[in-house]
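Please consider the structure shown below. The paragraphs that follow take up its domains and then its internal cavities.

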Amino acid sequence: MSEGKSRLQKLFESGAFVVTGEVGPPMGADAGHVYHAAEALSGIIDAANVTDNQTSILRMSSIAASLLVQQKGLEAVVQMTCRDRNRIAIQSDLLGAWALGLRNLLVLSGDHQSFGNDRHAKNVYDVDSVQLIKMLSDLQRDGVFYNGKKAKGVPEFFIGTTANPFADPEELQLIRLKKKIQAGAKFVQTQSIYDIDKFEEWMEKVRAWGLHQEAYIEAGVLVNKSLRSIEMTQKVPGMDIPDALVERMRNAEDPKEEGIRIVLELIERIKKIEGISGLHIMAVGWEEIVPVVVERAGLSPRPTIE
Amino acid sequence: MIIASQKPIEEIRETIKPYKKVLIAACGTCVTVCLAGGEKEAKELADLLSLSGDQEFRVVTPKRQCDSEFLEEFDKDVSWADAGLSLACGVGVQYLAERCTGKPIIPGLNTAFMGTNRDAGYWTEMCQGCGNCVLEKTGGVCPVARCSKSHFNGPCGGSSKGKCEVNDSIDCAWQLIYDRLKSLNQMERLFETIPPRDWSTSRDGGPRKIRRPDVAIEEVTE
């Protein structure tokens, strides 16, 4: 049912080099914040992840904010973590998301709640991300829930997931990525890349395992605007930032420009890597720079799709 | 074994404040071994609490508070007291409370986990009693109790240099599983996708019980 396919899926399938970004929902009920962020990125990128309480910081729901994003003409990628909901709540929310017209879904474990502002909260992890991807893919293929009941109206999300090329143990992380893809993940967004040499080595392994032929792989980059920003990024779980890049930010006369230059250099290298199907740009707290990065990286204008 | 730690003395003082005569019940099993609520700790606590005034304390140390077989002495002594202060795990506290109609039993410990003693003064969690053991699949390292996210299919992206993203005093369970399965030459197990768990055998199925008709004295119908 190709007319049900998302723009993101169609673009990947067309062979285009896809560019996605992020919209972080507000710490509150302010729709205007989401509209503003979506308007700034509409037409600039192909789709935007709408984060699910990222780093466990309580924010507006990804599904609700995704709908707001799409109202401004920007396609959304709903994020769903396994941290806060059990299998009943996850599936229920996603049925609603599909019914609302949301078509892309990114499944992830979710950062532990100890990183956020509600560290005394209970976590759920009824299912892990491999199990959730499989649960949803099976539902989409067979029209039957994991509990054995038939669905009345079956979603057809374009399901993606994440991979961290810098996490340990490296081999087991690749095995897990393979399991996610076998479970039904069709696209993969990586953790932000700073150590490009290490990423190139990782992609060699991805290619050796043939994973790039089974799922579209998007390389993640994060634009830092200051020394403080890159230092904060270092503290995020799973980040691996070479000291040389931190030093560049420390010594830069114009840290903002330096941050952009670092990302552009990374993008140049990334574009040349075999098996990469797109770029996922994050700019936490500096979203207005994304159009500049896309433009200067030669990724503008974005392709149109019928 | 069950691992526990003593509540702060201020909290204990506050909870026993209304009572003149307090029977401190140590427990001779797990909490003796983990140095939280054995006879020694009970006597020390009695001495400490006696300092502050007009309350009286006695100490009794049943072999196990969770077993009626060992509670005869406690039953006698508690008749003297206005309240009991149990230095057992939560099981012991509740079990004593069931026996003491009209008499409060106050917890003196925080029951922490099922775990092991790693070093002098150092205990770590090993089991959550989920009711459906998978240790044969994971090289003898429990993903439910020892992975902060109870992942069944490998580590999250926060595993770094063998440590958990929550903090680097926690070993990543999946690093341990990986190392162990590698040494056992059972790497193929890591490629298996473990399906969603049936958590009904865990606390999620409601409070659990085990009945063994083969060892029951009388036939029980439920």
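**Domains and enclosed space**

In this predicted model, chain B is divided into two parts by the domain assignment: domain 1 covers residues 2-112, and domain 2 covers residues 129-195. A distance of 38 Å separates the C-alpha centres of domain 1 of chain B and domain 2 of chain B.

The enclosed space may be considered next. Rolling a probe the size of a water molecule over the atoms shows where empty space is left. How many cavities of 30 Å³ or more are there? The count comes to four.

The largest cavity has a volume of about 120 Å³. Its lining is made up of 15 residues, of which C147(B), S148(B), C156(B), C164(B) and C172(B) are the closest to the centre of the cavity. When the lining of the largest cavity is sorted by class, seven residues are nonpolar, three are polar and five are charged. Cysteine is counted here among the nonpolar residues.

The second largest cavity holds about 70 Å³ of space. Which helix gives the most to the lining of this second largest cavity? The helix is α7 of chain B, residues 173-183, with three residues. The lining of the second largest cavity includes W174(B), I177(B) and L181(B), and also F152(B), N153(B), R189(B) and E192(B). Chain A is represented in this lining by K179(A). By class, the lining of the second largest cavity comprises six nonpolar, two polar and four charged residues.

Key:
Residues numbered from 1 in each chain as written. Chains lettered and ligands numbered in written order. Predicted model: local features only at pLDDT ≥ 70, side-chain atom pairs only at ≥ 80, totals over all residues. Heavy atoms only, no water. 1 Å grid on protein atoms, 1.4 Å probe; cavity = no way out; pocket = protein on both sides within 12 Å on 5 of 7 lines; lining within 4 Å. Points joined across faces, edges and corners; volume = space filled by probe spheres on them. Helix = DSSP H or I, 4+ residues; strand = E, 2+ residues; numbered from the N terminus. Domains from an automatic or database assignment.
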